[in-house]
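Thank you for making the time today. I would like to walk you through one structure, and I will ask you to keep the picture open while I talk.

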Amino acid sequence: MLTTNFVPGTPNWLDLGAPDIDAAVSFYSAVFGWSFQSAGPDAGGYGFFQLGGKTVAAIGPLMEEGAGSAWTVYFQTPDADATVKAVEQAGGAVRVPPMDVFTAGRLAAFTDPAGADFAVWQPGDVQGLERVMEPNTLCWTELYTTDAAAAKDFYRAVFSWDHQDMPMGGDLIYSVVSAPGGGQGDDTGQGGIMQLPEENLKAGSTPEWHPYFGVTDCDATFAVATGQGATVLIPPTDAPGVGRLAMVKDPAGAPFALIKGDPTMT
């Protein structure tokens, strides 16, 4: 279970790189009821998605040459520079070296050995997201990868994650990951790692992290999203022991998922 009591290795920030900020704000406002708050004239167009006056995600313009629209999951670190060393030693690559964001905190961005992008946030004045595990907020993070075994080794080396493997039928295994001291009580799961099936690879899927947003009605929110121009990846589906979920790409191509139920798979 995600919380805002962030400890090292847990998701503590989420932002969307978008080619058209106004269009993205219009889409997510319609789907989740979010409002947009600019981070100010010196922030280069970056700003915050808010729900009830609390930050639930962020958005900014695409900064890298040839980059496509995507959500980036950030994990808490007490030392972004030390995380750089851990990532490099484990075989990952540095996309954005550690940099201070005014007095808010310090960030760095990486690519894991299979090609999935992620980032870290070292808190300063801003600890992280202000609302999670509520309707229309972040409730789970998930990695699609071409090498699940290697991914588990990599993220264990970088963040000291534990994992619990759960058979999904056939050869598919879903690995629930957790950071030491994360979660609430016995509910420590914060995300999952899943091997991309061969058919997904043939269809052009590539390794990536994507967020799950909790909703009160998966089908209704899915209908709003597709009505606003989202592309269907997985239609609303019942997952035994998990809940009802769906996955889409927003109109600019950023994938995200919806879920009603218990995202921790317990």
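**Sheet, helices and a few single residues**

Let me begin with a pair of strands: S1 and S5 run antiparallel and are joined by six bridges, where strands are DSSP runs of E of at least two residues, helices are runs of H or I of at least four residues, and both are numbered from the N terminus. Two strands count as paired if DSSP finds at least two bridges between them. Before going further, I should say that this is a predicted model, in which local features need pLDDT of at least 70 and side-chain atom pairs count only at pLDDT 80 or more, while totals for chains, interfaces and linings use all residues. Residues are numbered from 1 along each chain as its sequence is written, and side-chain values use heavy atoms, with hydrogens and water left out.

Within the pairing of S1 with S5, Leu 14 stands opposite Val 73 in S5. S1 also pairs with S4, this time in parallel, through four bridges, and there Leu 16 stands opposite Ile 59 in S4. Strand S1, which covers residues 11–18, is mostly covered, for eight of its eight residues are buried; buried means under 20% relative accessible area, exposed means over 50%, and partly exposed lies in between, with a 1.4 Å probe and protein chains only.

How many strands form the open sheet, and in what order do they stand? There are eight, in the order S2-S3-S4-S1-S5-S8-S7-S6, and the pairing is mixed. Strand S2 (35–38) and strand S6 (93–101) stand at the edges with a single partner strand each, so one side of each has no neighbour in the sheet. On average, and ignoring direction, neighbouring strands of this sheet are turned by 30° against each other. At the S2 edge, S2 pairs with strand S3 (residues 47–51) in the antiparallel sense over four bridges, and Ser 38 stands opposite Gly 47 in S3.

Now please look for Ser 69, which is found in the loop between strand S4 (54–61) and strand S5 (70–76). Is Ser 69 buried or exposed? Ser 69 counts as buried, because its relative accessibility is 9%. A polar atom of its side chain lies 2.8 Å from the backbone oxygen of Gly 17. If we leave out residues up to four places away in sequence, Ser 69 touches several others, including Leu 16, Gly 17, Leu 62, Asp 250 and Ala 254, where contact means heavy atoms within 4.5 Å.

Turning to the helices, helix H2 (residues 80–89) and H3 pack at an angle of about 150°, with their axes 9 Å apart. That makes H2 roughly antiparallel to H3, since angles over 145 degrees count as roughly antiparallel, under 35 as roughly parallel, 65 to 115 as roughly perpendicular and the rest as oblique. The axes are lines fitted to C-alpha atoms, for helices over the stretch in contact, and the angles run from 0 to 180 degrees between N-to-C directions. Where they meet, Thr 83, Ala 86 and Val 87 in H2 face Phe 154, Val 158 and Phe 159 in H3 by contact.

A second helix pair is H1 (residues 21–32) with H5 (residues 218–227), whose axes come within 9 Å and cross at roughly 155°. H1 and H5 are therefore roughly antiparallel to each other. Here Phe 27, Ala 30, Val 31 and Phe 32 in H1 meet Thr 221, Val 224 and Ala 225 in H5.

Two loop residues deserve a look for their backbone angles. Met 133, in the loop between strand S8 (117–123) and strand S9 (138–145), has a phi near 60°, a positive value in a residue other than glycine, and with 27% relative accessibility Met 133 counts as partly exposed. Ser 160, in the loop between helix H3 (148–159) and strand S10 (162–167), likewise has a positive phi near 60°, and at 43% Ser 160 counts as partly exposed.

I will finish on strand S9, where Thr 145 lies. Thr 145 is buried, with a relative accessible area of 0%, and, leaving aside neighbours within four places in sequence, Thr 145 is in contact with residues among them Ala 114, Ala 151, Ile 193 and Pro 207. Cys 139 is also placed in strand S9, and at 5% relative accessibility Cys 139 counts as buried.

Note on methods:
Polar contact = N/O pair within 3.5 Å; in protein donor to acceptor, adjacent residues only side chain to side chain.
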